[in-house]
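Subject: Structure for you to look at

Hi,

Here is the structure I promised to pass on. Could you open it alongside this email and follow along?

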Amino acid sequence: MTPNLLAQYLRGLIQHRLKLSVMLWGPPGVGKSSIAAQTARAHGLEFIDLRLSQLAPTDLRGLPVPEGGVSRWFPPEFLPREGEGVLFLDELNMAPPTLQGIAQQLILDRKVGSYELPEGWYVWAAGNRKEDRAAVFDMPAPLANRFLHLEVEPDFESFKAYAFASGLHERILAFLAFRPGLLHHLDPKSPAWPSPRSWEMASHLLKAGLDIAPVVGRGAAAEFAAFEQVYAVLPELTDVLEGRTDKTFPEEPSARYALTLGLTLRAETAQQALHAFRWMVGVAPPEWVQLFACDLFTRLRLRGQLGELAQLRKAEPRLEEFLGRFRELVF
């Protein structure tokens, strides 16, 4: 499933208070941990992230302490004692079998040793697959059978929605719209390769004026550098947003993606968005107007600017007509 569908599924579990243990599968860098954390916090839940591959068995079960002639297991302080939240067992299948065996009791019985997980807590876990070059152990069948298994795959539309909300660099987003295959491309010959996680890091590097090759790899960085040259021949975006341009829509697909995403991300007011929409309607093919409008409306919703959308609809009859034709796509 896509990251967006995964978030919806996890929200459903929380909304219906289904304390089923969940195992998230997927390639590294796709956002499994981030989606779990964001979903928990969006519902006001605490989130405890345990990297099982970094723990020893006694770290999870606790230490034996003599008391009254018998040993009592003192649980670790990082396990929750009260409240509501998500206990997230990350890198579960990178943990050795002995630790997975101890985790199995926590997952199935919600207790380990003398410790018992509070009623208000969910147990979710995540792991990578063997085909992702991850150093993983086989998950025992009894443990696997305790889980609800969800597999997440990279998806550009999900990443784009996240990028709108997070303020990722517009050129990275435009580049990936043009080359979605590079959103996640594991390179077995290089330690640096493109993934949603590494593109987010690349955004910070780009804003700082630093080379992005160390985080996405030389091949992806070279393609991105070539794409950046497209910006030199684009119509001035400020002129379009201010309604003072007579430039034509570019023919090159890469330039079209760069221009459309650039206008979406730079339209800060209803008036600027209206100018951009009118210009796109006048010069661009319908499918590019559709792409611009859908992304613009998504961004307005994420920023809580639906009032501005109402202003746009009143000011531009063609926009109302457009919404009528593409309502299912934008709402």
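Below is what turned up, going from helix packing to charged side chains. Keep in mind that this is a predicted model.

Let me start with helix packing. The axes of H12 (residues 253-266) and H13 (residues 270-283) come within 9 Å, crossing at roughly 160 degrees. An angle over 145 degrees counts as roughly antiparallel, so that is how H12 and H13 run relative to each other. Their crossing is left-handed. On the H12 side, the residues that meet the partner helix are Leu-259, Thr-260, Leu-263 and Arg-266; on the H13 side they are Gln-272, Ala-276, Trp-279 and Met-280.

While you are in H12, have a look at Gly-262, which sits in that helix. Its relative accessibility is 0%, so Gly-262 counts as buried. Leaving aside neighbours within four places in sequence, Gly-262 has contacts with Glu-170 and Leu-237. Gly-262 and Leu-173 are also worth displaying together: 89 residues separate them in sequence, but their C-alpha atoms are 8.9 Å apart in space.

The other helix pair to check is H7 and H8. Here the axes are 9 Å apart and the packing angle is about 140 degrees, which makes H7 oblique to H8. Ile-172, Phe-175 and Leu-176 from H7 meet Trp-199, Ala-202, Ser-203 and Leu-206 from H8.

Now the charges. Searching the whole structure gives 11 salt bridges. These are the ones I would click through:

- Lys-160 and Glu-157 pair up at 3.4 Å, N to O. Both belong to helix H6 (residues 156-166) and are 3 residues apart, about one turn of the helix. Lys-160 is buried, at 4% relative accessible area, whereas Glu-157 is partly exposed at 47%.
- Glu-223 and Arg-179 form a salt bridge whose closest N and O atoms are 2.8 Å apart. This pair links distant parts of the chain, 44 residues apart: Glu-223 is in helix H10 (residues 218-228), while Arg-179 is in the loop between H7 (170-178) and H8 (196-207). Glu-223 is partly exposed, with 34% relative accessibility, and Arg-179 is partly exposed too, with 27%.
- Arg-256 meets Glu-251 in a salt bridge at 3.7 Å, N to O. Arg-256 counts as buried at 14% relative accessibility, but Glu-251 is exposed at 66%.
- Asp-49, Arg-51, Asp-90 and Glu-91 are joined in a network of salt bridges.

One last residue: what is the nearest side chain of opposite charge to the buried Lys-32, which has no salt bridge? It is Asp-90, 6.3 Å away. A salt bridge needs the side-chain nitrogen within 4 Å of a carboxyl oxygen, so Lys-32 goes without one. Asp-90 is the residue you just met in the network with Asp-49, Arg-51 and Glu-91. Lys-32 lies in helix H2 (residues 32-42). Not counting neighbours within four places in sequence, Lys-32 is in contact with Leu-24, Trp-25, Gly-26, Pro-27, Phe-88, Ala-126, Gly-127, Asn-128 and Val-152.

Happy to go through any of this with you.

Cheers

Definitions and conventions: Residues numbered from 1 in each chain as written. Predicted model: local features only at pLDDT ≥ 70, side-chain atom pairs only at ≥ 80, totals over all residues. Heavy atoms only, no water. Helix = DSSP H or I, 4+ residues; strand = E, 2+ residues; numbered from the N terminus. Buried < 20%, exposed > 50% of the residue type's maximum accessible area, 1.4 Å probe, protein only. Lys, Arg positive; Asp, Glu negative; His and termini not counted. Contact = heavy atoms within 4.5 Å. Axes fitted to C-alpha atoms, helices over the stretch in contact; angles between N-to-C directions. Parallel < 35°, antiparallel > 145°, perpendicular 65-115°, else oblique. Left-handed = near helix turned anticlockwise from the far one by under 90°.
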